[in-house]
Amino acid sequence: MMKSMTEPKTVSPSKLPNGIAVPGGIDDPLTRRTHTEPPHPYRTPFARDAARILHSRAFRRLAGKTQVFTRLAAEPSSDHFRSRLTHTLEVTQIARTLARILGLNEELAEALALVHDIGHPPFGHAGEKALDEALQAHGLRFDHNLHALRIVTWFEERYAAFRGLNLTLAVREGIVKHSRDYSAADHPELAEYFLSQFPPLEAQLIDLADEIAYLTADLDDGLDSGILALDQVREGVPLFRRFHNTVVEQYPAAAQKLSVNETLKRILNLLVTDLMNETNARAAALGATTLEDIRRAPGRLAALSPQVEAERAQAKQFLYASLYNSPGMEEAHARATEVVQGLFTALIADPAQLPADHQAQIPTQGLARTVTDYIAGMTDSYIEQAWFHCSGK
């Protein structure tokens with residue numbers, strides 16, 4: 001295991017132990033902002049970005065947005081299941097740990113983790129699917145990464161000198177590219193984000209930190225809710241069964257909840273450690289000495305080892321079949337579709353119901369995109385209220 005490095009300083013770029021320069025040094029073009037601002041006397045550019053995201057209204061609204069579910073059918077909402085906000089905080093903890101051990105820029109990793117889900121609409125992935133389907137009827141698509149970019153560059157209003165959060169180029173690039181690659185031909189508006197190159201390792205790690213966080217958390221919430229049974233998880237997720245057998249042997253008198261917690265903790269540790277080791281091994285095998293080497297590598301260097309990746313994929317497949325698309329979730333998904341698409345249709349038919357600031361966007365953004373922007377910013381409870389107001393239901 002590599003030795004942890006000290007906090008990155010603005011006076012010089014930090015280095016991976018294998019010699020790769022990472023973002024954040026003085027005069028680094030990745031710290032450039034759209035609107036020029038004087039440097040802060042004691043905070044780095046990426047630390048300022050993380051703070052701006054943390055203090056934004058869009059970030060606070062994540063507390064009111066579903067991760068997988070917040071309630072079961074015919075039951076009141078529970079405070080114990082993950083929200084989009086608590087999930088984001090868990091991703092941030094993993095990302096900072098990985099960045100510190102790998103000698104990357106922790107503050108950049110933190111900013112990217114905090115912002116990675118800020119573009120998600122209400123009702124989790126069911127809401128995102130419903131909104132995308134509604135938008136396709138108008139020849140457009142909904143992409144939560146690109147919507148997040150719109151939030152931080154335009155919709156957040158906190159500064160007198162400019163709109164948006166005026167984040168650094170590195171954070172904006174990471175918002176766009178942390179989980180997928182975009183074609184320059186399809187997205188010429190993203191030209192400044194090095195679309196022909198891979199992002200820095202800090203951004204590459206976010207997608208996998210996200211996968212790790214929600215895999216273990218969703219198993220936890222699924223079992224805690226009763227949608228998943230312990231025997232079902234043991235049968236469908238060999239990775240879980242292997243660790244659970246060890247835990248039960250070590251703590252035979254432990255309550256089921258505690259044995260599950262111990263199991264998930266060990267799975268989390270395995271995945272994070274494997275990601276750290278595999279990413280470092282790939283960078284070393286490439287012989288990378290510059291950030292340019294990372295950008296122009298044959299593929300993304302942040303990855304799990306083949307064996308652990310296969311186990312992760314198997315667990316994810318189980319979650320899709322047994323939790324995300326389970327019969328117990330059908331009612332929630334149907335409700336999300338009804339509310340999101342119903343409100344979308346109502347606002348398209350009567351744009352006067354939009355707030356004045358959104359109505360002002362229609363001439364430049366078009367009605368369908370403007371309605372989408374409005375809906376995507378809503379929390380679960382607010383969209384229910386808005387739908388009730390529009391439909392009388």
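## His116 and its surroundings

His116 counts as buried, because its relative accessibility is 3%, and the cut-off for buried is under 20%. The model is predicted. His116 is found in the loop between α4 and α5.

Two polar contacts involve the side chain of His116. One joins the side chains of His116 and Asp117, at 3.4 Å. Another links the side chain of His116 to the side chain of Asp210, at 3.5 Å. Residues up to four places away in sequence aside, His116 touches His87, Thr88, Val91, His144, His178, Ile206 and Asp210.

## Two residues with positive phi

Most residues other than glycine have a negative phi. Phe123 has a phi near 65°, a positive value. Phe123 is found in the loop between α4 (106-115) and α5 (124-136). Phe123 counts as buried, because its relative accessibility is 14%.

Asn166 also has a positive phi, near 55°. Asn166 is found in the loop between α6 and α7 (169-177). Its relative accessible area is 5%, so Asn166 is buried.

## Helix α6

What lies at the start of α6? There, a side-chain oxygen of Asp143 reaches to within 2.8 Å of the backbone nitrogen of Asn145. Now take the span of the helix. A straight helix of 12 residues would span 16 Å at 1.5 Å a residue. Between its end C-alpha atoms, α6 spans only 14 Å.

Which residues of α6 are buried? They are His144, Asn145, Leu146, His147, Ala148, Leu149, Ile151 and Val152. The buried residues of α6 pack against α2 (57-61), α4, α5, α7 and α17. His144 is also among the residues that His116 touches.

## Helix α7

Helix α7 is mostly covered, with 9 of its 9 residues buried. Hydrophobic names such as Leu169, Val171 and Ile175 are on the list of buried residues. So are Arg172, Glu173 and Lys177. Ala170, Gly174 and Val176 are buried too.

What covers the buried residues of α7? The cover includes α1 (45-54), α4, α6, α8 (201-225) and α12 (291-295).

## The second largest pocket

About 770 Å³ of space lies in the second largest pocket. Its lining has 30 residues. Nearest the centre of the pocket lie Leu146, Leu149, Arg150, Thr153 and Glu189. Leu146 and Leu149 are also on the list of buried residues in α6.

Which helix gives the largest share of the lining? Helix α6 does, with 8 residues. Both α6 (144-155) and α17 (367-376) supply at least two residues of the lining. By class, the lining has 11 nonpolar, 8 polar and 11 charged residues.

## Leu304 and its contacts

Leu304 is found in the loop between α12 and α13 (306-324). Leu304 counts as buried, because its relative accessibility is 5%.

How far apart are Leu304 and Leu271? In sequence they are 33 residues apart. In space they are 7.6 Å apart, C-alpha to C-alpha. Leu271 is in contact with Leu304. Leaving aside neighbours within four places in sequence, the other contacts of Leu304 are Asp274, Leu275, Glu278, Arg282, Glu309 and Arg312.

Methods
Residues numbered from 1 in each chain as written. Predicted model: local features only at pLDDT ≥ 70, side-chain atom pairs only at ≥ 80, totals over all residues. Heavy atoms only, no water. 1 Å grid on protein atoms, 1.4 Å probe; cavity = no way out; pocket = protein on both sides within 12 Å on 5 of 7 lines; lining within 4 Å. Points joined across faces, edges and corners; volume = space filled by probe spheres on them. Helix = DSSP H or I, 4+ residues; strand = E, 2+ residues; numbered from the N terminus. Nonpolar A, V, L, I, M, F, W, Y, C, P; charged D, E, K, R; others polar. Buried < 20%, exposed > 50% of the residue type's maximum accessible area, 1.4 Å probe, protein only. Polar contact = N/O pair within 3.5 Å; in protein donor to acceptor, adjacent residues only side chain to side chain. Contact = heavy atoms within 4.5 Å. Expected span 1.5 Å × (residues − 1).
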